[in-house]
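User: I am new to this structure and would like to understand the reasoning behind the terms applied to it. Please take me through them one at a time.

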Amino acid sequence: MAEVYPIQRGPKTATANVRFITAKGSDTFRIGTLNDNNPELGDKNNTAPDGLRLIDSTAGKAYLPATIGDQECLCSPRVNSMLDHYTDVTVSVTFAAPPADLTAIDLVIPKFGTVRDVPLQ
Amino acid sequence: MSRSSEMRHRRAARLVITGSVAVGLLTATVAVPAVWATPTTPDDAPIMEITAPVVDIQFGMSTLDGRVAVEDRKNGSAARLDSTVLFGKDSAQLRLAALKVIDSLARDLRKGGPGKITVTGYTDDLGSAAHGLKLSKQRAAAVAGRLEKSLGSDWPEITVVGKGEADPAVPNKNEKNRKLNRRVIVTVKR
């Protein structure tokens with residue numbers, strides 16, 4: 001299960017926070033599930049949650065996770081840790097800030113789908 | 001360290017541990033201890049220089065289908081163009097839609113100012129390696145030709161590289177991965 005929180009917008013960046021919860025006793029979850037499986041985009045490692053995207057459908061653009069240094073995404077956590085049963089982890093991914101007049105934006109989460117109109121705060 | 005100073009340190013450590021902090025996304029609660037300790041500096045505490053590097057953040061955008069992506073890099077930018085957007089199967093002839101994609105990329109590149117451009121073509125591992133190498137170079141040259149036309153003469157000459165099936169982005173183990181490997185990468189160093 002995933003809980004999506006309002007996207008925190010700063011002057012130049014916007015950060016998406018999603019809490020992943022293994023609600024059932026049989027559930028397990030790996031952070032690497034959220035990877036885009038393309039080391040040439042976002043993070044070079046296939047363990048980081050760099051598959052998340054902000055989608056501005058009006059402009060027809062997808063925002064990729066911001067990076068620092070040598071293709072390391074501004075994502076937390078970046079390691080492929082596995083969630084055990086009945087536990088949770090909050091994943092944070094930073095993007096470029098969408099235009100100021102935008103009050104909500106779609107968020108794509110790999111394996112979970114698109115969450116429409118997530119508020120930008 | 002004097003006995004009274006040591007006692008104050010022990011007290012401070014105990015209070016820090018007692019004061020648990022729980023930070024959530026929407027709520028942050030701080031359990032405040034009854035008495036705060038007064039920070040003290042022991043006479044023999046080493047003094048160290050604090051260094052905290054500040055690094056630039058690089059941003060990236062892509063089309064909604066992810067087939068064309070442009071990302072900032074430390075010394076410029078890199079664009080990844082999916083070959084299926086640019087060319088037909090086994091062809092180095094740019095599609096009509098590809099011209100629009102490359103012209104749009106040129107507009108983005110122009111915003112960042114002139115730089116040294118390298119266009120590198122890659123293929124998947126299907127067919128012979130020699131054919132892949134030739135095709136990847138022809139494709140890179142086609143993209144470079146259109147870019148030169150769009151950017152104008154004030155830009156340095158573009159370097160064209162064909163890599164064929166070398167340096168795959170991901171292992172060529174299935175069609176999904178092969179699709180990722182059929183690409184043209186445009187890098188700009190400024």
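Analyst: Certainly. The structure is a predicted model, and its overall scores are ipTM 0.86 and pTM 0.80.

User: Why is Asp117(A) called exposed?

Analyst: Exposed requires a relative accessible area over 50%. Asp117(A) has a relative accessibility of 53%, and therefore counts as exposed. This residue belongs to strand β12 (residues 113-119) of chain A. Although Asp117(A) is not a glycine, its phi is positive, at about 50°.

User: What makes Asp167(B) partly exposed?

Analyst: Its relative accessible area is 43%. Partly exposed covers the range between under 20%, which is buried, and over 50%, which is exposed; with 43%, Asp167(B) is therefore partly exposed. Asp167(B) sits in the loop between β7 (159-164) and α5 (175-181) of chain B. Its phi is positive as well, about 50°, although Asp167(B) is not a glycine.

User: What makes the peptide bond from Ser76(A) to Pro77(A) cis or trans?

Analyst: That bond is cis, with omega near -5°. Pro77(A) lies in the loop that runs between β8 (75-76) and β9 (82-83) of chain A.

User: How do you know that the span of helix α4 of chain B agrees with its number of residues?

Analyst: The expected span is 1.5 Å times one less than the number of residues. Helix α4 (residues 129-151) of chain B has 23 residues, so 33 Å is expected; the C-alpha atoms at its ends are 32 Å apart, which agrees. Just after α4(B) comes Gly152(B), with a positive phi of about 95°.

User: Which residues of α4(B) are buried, and what do they pack against?

Analyst: Buried means under 20% relative accessible area. Among the buried residues of α4(B) are Gly132(B), Leu135(B), Arg139(B), Val143(B), Leu147(B) and Leu151(B). The buried residues of this helix pack against several elements of chain B, including α3 (96-111), β6 (116-122) and β8 (183-189).

User: Where in chain B is confidence lowest, and where is it highest?

Analyst: Chain B has an average pLDDT of 83, with 78% of the residues scoring at least 70. Confidence in this chain is lowest in strand β1 (residues 21-23), with a mean of 36, and highest in β7(B), at 98. Over residues 1-29 of chain B the pLDDT is below 50, and this stretch has 24 contacts in the model beyond near neighbours in sequence. Where pLDDT is low, predicted coordinates should not be read in detail.

Notes:
Residues are numbered from 1 along each chain as its sequence is written. Chains are lettered from A and ligands numbered from 1 in the order in which they are written. This is a predicted model: local features need pLDDT of at least 70, side-chain atom pairs count only at pLDDT 80 or more; totals for chains, interfaces and linings use all residues. Side-chain values use heavy atoms; hydrogens and water are left out. Helices (H or I, at least four residues) and strands (E, at least two) are DSSP runs, numbered from the N terminus. Buried means under 20% relative accessible area, exposed over 50%, partly exposed in between (1.4 Å probe, protein chains only). Contact means heavy atoms within 4.5 Å. pLDDT is the predictor's confidence in each residue, from 0 to 100.
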